[in-house]
Amino acid sequence: MSEVKLPVEEESAAQEETQPRLDDEPEEERKPEVPTELNLLPLRDSVIFPMLIAPLSVGRESSVQLIDETVVGNNRVIGTIAQRQPQIDQPGFDDVYEYGCAVIIRTLVKMPDGVRLIVQGVSRFRIVERIHEQPYLRARIEVLDEPITPEERDEEVEALRRSVAALFEQAIRLSVNLPDELRTLTQAVQEPNVMADLVAAHMTLTVEEKQQVLETVPADKRLRKLLELLSKEVRVLELTSKVQSEVNTELSKTQREYYLREQLRAIQRELGEVDDRAEDLDELRQKIDAAQMPEEALKEVHREFDRLKRMSPGVPEYTVARTYIDWMVALPWAKATDDVLDLVLVKEVLDADHYGLERIKDRILEFLAVRKVKTDGKIRQPILCFAGPPGVGKTSLGRSIAHAMGRKFVRISLGGMRDEAEIRGHRRTYIGALPGQIVQGLRRCESRNPVFMLDEIDKLGNDFRGDPSSALLEVLDPEQNSTFRDHYIDAPFDLSNVFFVTTANRLDTIPPPLRDRMEVIELGGYTEEEKVEIAIRHLIPKQIGEHGLRKSQIVFDGRAIHELVRHYTREAGVRNLEREIASVVRKATRRFAEGRKGKLTVTRKYLETALGAPRFLYEEVLERDLLPGTAVGLVWTPVGGDIVFIETALMPGTKGLLLTGQLGDVMKESVSAALTYVRSHATEYDIDPKLFQESEIHVHVPAGAVPKDGPSAGVTMLTALTSLVTGRKVKARLAMTGEVTLQGQVLPVGGIKEKVLAAYRAGVAILLLPERNQKDYLEEVPEEVRKGLEVHFVHNAAQVLRLALEPKGSS
């Protein structure tokens with residue numbers, strides 16, 4: 001008698017007990033008569049074979065009712081049949097197999113949670129007619145008797161039996177789940193059909209595989225099927241045993257090496273012969289194990305470490321290999337900082353560090369909101385590009401973002417960088433090779449998820465050593481940078497957790513593929529009120545601290561700050577403003593150094609004493625007398641917006657149009673288009689057509705040393721030329737921007753915020769802007785600036801001239 005673990009009708013496991021038929025048992029005990037109609041008990045994860053004794057646990061109400069009614073009817077034979085899907089609680093005929101095993105109930109014990117049975121398999125059967133499914137399954141069956149094997153096939157069946165027995169013994173030897181007592185099973189049972197059923201019951205086969213054996217009635221076919229299943233199982237067991245053996249061998253080897261090293265170290269200590277190099281290598285190995293590198297990087301480091309152990313410290317390659325390993329173990333393969341996900345706290349930190357810049361702050365808070373909500377899976381890090389004029393706080397904003405998020409901050413300047421190796425590193429074949437700036441920055445900050453700022457990305461160069469902007473394509477691509485490969489490291493490093501921030505003054509010098517990989521956020525210039533607020537919150541306290549003064553010693557009057565912003569600086573950013581504040585504080589510091597005791601208040605009068613006369617005493621548009629033929633335009637530059645004066649003059653001659661002021665090709669074409677429009681509409685504005693044949697027109701744009709180009713001065717050219725030939729002045733304190741076509745259509749232009757702020761600083765009161773730029777004006781220009789301007793949105797040239805020129809006859 002032997003025991004084996006088998007699943008039962010409910011989810012709990014059961015012990016299955018098998019025993020061969022005993023010859024001295026009465027015939028009716030050994031082989032009871034199976035009726036043609038049977039109550040069917042569905043089994044979960046179990047298949048019963050003939051001649052097997054197995055315990056069953058019955059818990060379903062329908063199954064308990066089946067047992068009760070069967071026993072009451074003085075009939076102990078029922079049918080057991082396996083479910084196709086064990087999770088179904090109330091199976092029907094479609095949920096069970098067609099073949100099963102008739103069993104006789106030997107023992108029955110009622111428990112509080114169900115019924116416990118011990119049954120013995122009698123014979124196979126097949127369902128031929130379904131009688132009913134409720135309250136339990138009942139069917140008419142056909143008993144499948146064991147067919148008699150022809151004598152001429154006895155040798156073949158015996159060969160199959162012996163093969164099955166041999167594979168079963170091999171499986172017992174390899175499997176830890178099969179007890180050694182089962183070895184006697186194949187020797188004690190000689191009948192091929194009985195042995196096949198016993199082996200199938202004991203092997204760890206699936207329900208589907210056991211069902212296939214049950215449904216195969218001829219002994220030879222059943223043995224062949226079982227032989228196929230056993231062969232597959234033995235191959236799996238052999239492979240499992242091989243893997244476990246290799247693991248155990250490797251562990252034994254590692255433990256043996258550890259004990260030998262410890263013994264060697266102890267012997268050296270006793271002899272006073274401490275091997276510094278051995279200790280150094282051992283320490284290096286510990287660092288390698290603690291670095292938590294990925295598999296490919298670890299393989300490369302182990303290869304170099306094995307070379308290092310075999311080399312003498314005196315050879316040059318020793319230093320190369322040692323430097324490489326030091327770099328690898330120093331990189332933050334698994335070190336990272338936790339993001340601050342308190343959005344209110346992050347907002348407070350960003351507001352404390354920078355005034356305004358709401359669009360960028362919102363973008364950072366949106367990213368952190370995603371990090372807070374999405375708790376599983378990888379989150380793509382944003383790659384931002386801050387584009388704007390100098391001095392608006394692009395670089396300091398990156399440091400503030402890192403501070404608010406609780407991350408490390410790394411900054412490298414790309415201005416003037418021409419060597420691709422600065423990004424990707426040098427190959428180790430070169431003397432003095434080092435990793436690129438990306439890997440060096442990660443090593444310095446000791447974190448794999450810092451805020452990494454690439455400053456001045458628009459000033460990258462290229463020469464015969466390569467193109468750094470092309471190397472950055474992989475770094476700044478979220479789909480590629482997870483496997484960034486530095487030439488020196490020669491192993492993939494995951495940059496997908498790095499928060500990249502780039503800065504630029506202009507976007508047109510950045511290659512389009514690189515620009516496409518970044519989310520561009522444009523920072524316009526500051527308004528006068530914003531500059532005053534920045535000076536009060538940040539610049540003045542900073543300069544007072546840097547010059548060694550206390551806040552109680554020096555105070556800036558509010559009117560003095562406005563005076564400083566308005567009449568001593570004229571810029572998009574605040575760098576010059578900070579210099580002027582520093583100059584005022586320095587002179588105050590000198591007074592305290594010379595013995596002043598009382599508090600110093602910086603007033604407008606003190607500003608003139610410290611900085612001299614105001615540099616911009618009058619508004620720029622009022623400093624020039626706008627004669628007929630002069631108009632004011634708006635332009636965009638890399639350092640912010642600016643105003644430009646277009647001057648025209650009429651003189652006798654036949655040479656046509658003369659252009660000066662270093663104008664680009666596009667700007668020259670704008671002048672030609674504007675002149676063509678004026679000539680084609682001469683009668684509408686009472687212009688003598690002979691004037692253009694007998695006169696020359698000279699168009700000049702002052703600041704002749706500065707190159708100028710672009711189509712946005714088209715409406716200004718048109719207005720200046722019309723003013724010249726009609727003698728009507730352009731309205732005072734009026735400026736404009738927009739591209740004009742031959743048909744007189746006014747097209748939209750870029751840089752609206754910078755242009756409007758420049759006009760506001762220069763004292764412009766009336767603005768003419770393209771109608772299709774109205775949304776840009778309303779979204780980007782601060783409300784306090786909009787309140788101080790009268791803005792007209794135009795869509796054709798006639799509307800521009802009507803709004804820009806003084807009426808006829810006005811002086």
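Here are some questions and answers about a predicted model.

Q: What is the strand order in the open sheet of five strands?
A: Let's start with how the strands line up. They pair in parallel fashion, and the twist averages 20 degrees from one strand to the next. Reading across the open sheet, the order is β10-β11-β14-β9-β15.

Q: Which strands are the edge strands of that sheet?
A: An edge strand pairs on one side only. In the order β10-β11-β14-β9-β15, that description fits β10 (409–413) and β15 (519–522).

Q: Which residue of β14 is the bridge partner of L454?
A: Strands β11 and β14 run parallel, and four bridges join them. For L454, the partner in β14 is T502.

Q: What angle does the direction of helix α13 make with that of β11?
A: Helix α13 covers residues 394–405 and packs on the sheet. There it touches β9 (383–387), β10, β11 and β14. Its direction and that of β11 make an angle of about 175 degrees.

Q: Are helices α11 and α12 roughly parallel or roughly antiparallel?
A: The axes of α11 (residues 343–353) and α12 (residues 358–373) come within 10 Å and cross at roughly 155 degrees. Angles over 145 degrees count as roughly antiparallel. So α11 and α12 are roughly antiparallel.

Q: Is the crossing of α11 and α12 left-handed or right-handed?
A: Several residues make the contact, including L343, V346 and L350 of α11 and I364, L365 and L368 of α12. As α11 passes α12, the crossing is right-handed.

Q: Is helix α16 mostly covered, or mostly uncovered?
A: Take α16, residues 468–475, one residue at a time. The buried ones are P468, S469, A471, L472, E474 and V475. That is six of the eight residues in the helix, so by the under 20% cut-off for buried, α16 is mostly covered.

Q: Which elements do the buried residues of α16 pack against?
A: Both helices and strands are on the list. The strands are β11 (451–455), β12 (484–485) and β14 (499–504). The helices are α14 (421–424), α15 (437–445) and α17 (512–516).

Q: Which residues have the most contacts inside the largest nonpolar core?
A: This core has 52 residues. I581 touches A535, L539, I540, Q543, F556 and L564, leaving out residues up to four places away in sequence. The residues with the most contacts inside the core are F386, F556 and I581.

Q: How many residues does the second core have?
A: This core is separate from the largest one. Among its members are L414, V439, A491 and A504. Its residue count is 51.

Key:
Residues numbered from 1 in each chain as written. Predicted model: local features only at pLDDT ≥ 70, side-chain atom pairs only at ≥ 80, totals over all residues. Heavy atoms only, no water. Buried < 20%, exposed > 50% of the residue type's maximum accessible area, 1.4 Å probe, protein only. Helix = DSSP H or I, 4+ residues; strand = E, 2+ residues; numbered from the N terminus. Contact = heavy atoms within 4.5 Å. Pairing = 2+ DSSP bridges. Axes fitted to C-alpha atoms, helices over the stretch in contact; angles between N-to-C directions. Core = buried A, V, L, I, M, F, W, Y, C linked by side-chain atoms within 4.5 Å. Parallel < 35°, antiparallel > 145°, perpendicular 65-115°, else oblique. Left-handed = near helix turned anticlockwise from the far one by under 90°.
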